[in-house]
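I set out to record how the strands, helices and nonpolar cores of this chain fit together. The entries below follow the order in which I looked things up.

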Amino acid sequence: PTLKKLGLNKYLATIIGNEVSSPGLIHYNTYSLIFRENEENNGAIYPLAEEVSVLFEASRKKDPKAIIQVNHPRAGAIGRTGTIGYFNNYQLDEETALPSRDHFDLSFDVIEVMNGPCLYRAGNHIAIEDWLNLIGRGYYFPLIGSSDSHLTDKKEPGYSRTYVLYGGKKGDDLDWPLLAEAIKRGRSFTSNGPIVSFKINERYTSGDVFTAREGRINVWLKVQSVPWVTVDEVRIIINGERKIVFPIKNSKNSILKMEEEITLKLKQDSYIAVEVFGENSLYPVLQAANRGLRNATFPYALTNPVFVDVDGNGRFDAPLPKRIESYPDTR
């Protein structure tokens, strides 16, 4: 109703969702949901459980097609009472990806790796490494970036964002099933400023899987941003390692920060993602108070990966062993 009053409903759309918080367990979003005005809490589930699987099952039962998004999994200290960071609560090892607590449940859809605009707040930088580690072990959950905005000042909405490759209509005519499918495939990237275009062999982009039997691929990259959002490095991540780094110079006054095409020779099945980093703070546009206003929040972007099948068996074979096999995995 508010969008219609403002005349913005042709450009913006809202979807119904729910934030589920259970201290000591997890904090997650589920969307889109059916508004059930005749049910208590309008149909929202009760966030009371001893294990995460009970909550996930309740959400799936209530709205089977909804996306379950684990939020800021490294927020809060490990073992601290009341923490809602899922990976911290289950003490997921940063190197082996092995949880110390039983009943670690992987039946969610996406992971929020950027909560707010700052790489070094809410455990974002650790969540990113967790995400890379899980992909390397065969557990792929597309990344999400969110502003998690509770204030208009110092927690401005829209930083970070998730940009999705979506060809449907907007506003009141939003095709949610089409958009949800793109989100679940990972045809997206997160950013607090830089805009990333990324293709392999002129065709494949984030969320795609394809076969390159000899391992030879062409990677095309394009990074843009408004002039005040600087870009100093563009990194190609291959199987969790930042293998190739492009230093960028004189990007302050330009929109096009870089455009490059390179050829790579892969020796094994690989996932490839792109990471962008800038060294100049987004202050004063963003008023984030963290280690001093002027060095609080730096430009950052990260894409979901492309998966390359090199051995020709038609699938991506993860380079690392799975380490969560002894725990419930209902995906």
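**Entry 1: the hairpin of β1 and β2**

I began with one residue pair and found that Asn-18 stands opposite Thr-30 in β2. I note here that the model is a predicted one. Glu-19, I recorded next, stands opposite Asn-29 in β2. I then looked up the pairing itself: strand β1 (residues 17-22) and β2 run antiparallel, joined over 6 bridges. Between these two strands the hairpin has 3 residues, and I found Gly-24 with a positive phi near 90 degrees.

**Entry 2: the five-stranded sheet**

I asked in what order the strands of the open sheet of 5 strands lie. I read the order as β1-β2-β3-β4-β5, with mixed pairing. At the edges I found β1 and β5 (143-146), each of which pairs on one side only. From one strand to the next, I recorded an average twist of 30 degrees.

I then asked which strands α4 touches where it packs on the sheet. They are β4 and β5, and the direction of α4 makes about 150 degrees with that of β4. Helix α5 (residues 176-185) also packs on the sheet, where I found it touching β2, β3, β4 and β5. The direction of α5 makes about 40 degrees with that of β3.

**Entry 3: helix α4**

I checked the length of helix α4 (residues 124-136) against expectation. At 1.5 Å a residue, its 13 residues should span 18 Å, and I found the end C-alpha atoms 18 Å apart, which agrees.

Is α4 mostly covered or mostly exposed? I found it mostly covered, with 10 of its 13 residues buried. Among the buried residues I listed Trp-131, Leu-132, Leu-134 and Ile-135, and also the polar-named entries Asn-124, Asp-130 and Asn-133. After α4 comes Gly-138, for which I noted a positive phi near 90 degrees.

**Entry 4: the nonpolar cores**

I asked which residues touch the most other members of the largest nonpolar core. They are Ile-26, Tyr-86 and Phe-108, in a core of 39 residues. Among the elements that give two or more residues to this core, I listed β2 (26-31), α2 (52-62), β3 (67-70), β4 (110-115) and β14 (270-277). The most comes from α4, with 5 residues.

I looked further at Tyr-86 and, leaving out residues up to four places away in sequence, found contacts with Leu-25, Ile-26, Val-52, Val-70, Pro-73, Phe-104, Asp-105 and Phe-108. I also recorded a second, separate core of 28 residues, which includes Ile-200, Val-231, Ile-248 and Met-258.

**Entry 5: the three-stranded sheet**

I returned to Ile-200 and found that it stands opposite Val-219 in β10. Strand β10 (residues 216-224) pairs with β8 in the antiparallel sense, over 6 bridges. Both strands belong to an open sheet of 3 strands, which I read in the order β8-β10-β13, with antiparallel pairing. Its edge strands are β8 (195-200) and β13 (256-265), each pairing on one side only. For this sheet I recorded a twist that averages 10 degrees from one strand to the next.

Notes:
Residues are numbered from 1 along each chain as its sequence is written. This is a predicted model: local features need pLDDT of at least 70, side-chain atom pairs count only at pLDDT 80 or more; totals for chains, interfaces and linings use all residues. Side-chain values use heavy atoms; hydrogens and water are left out. Two strands pair if DSSP finds at least two bridges between them. Helices (H or I, at least four residues) and strands (E, at least two) are DSSP runs, numbered from the N terminus. Axes are lines fitted to C-alpha atoms, for helices over the stretch in contact, and angles run from 0 to 180 degrees between N-to-C directions. The expected span of a helix is 1.5 Å times one less than its number of residues. Buried means under 20% relative accessible area, exposed over 50%, partly exposed in between (1.4 Å probe, protein chains only). A nonpolar core is a set of buried Ala, Val, Leu, Ile, Met, Phe, Trp, Tyr and Cys residues joined through side-chain atoms within 4.5 Å. Contact means heavy atoms within 4.5 Å.
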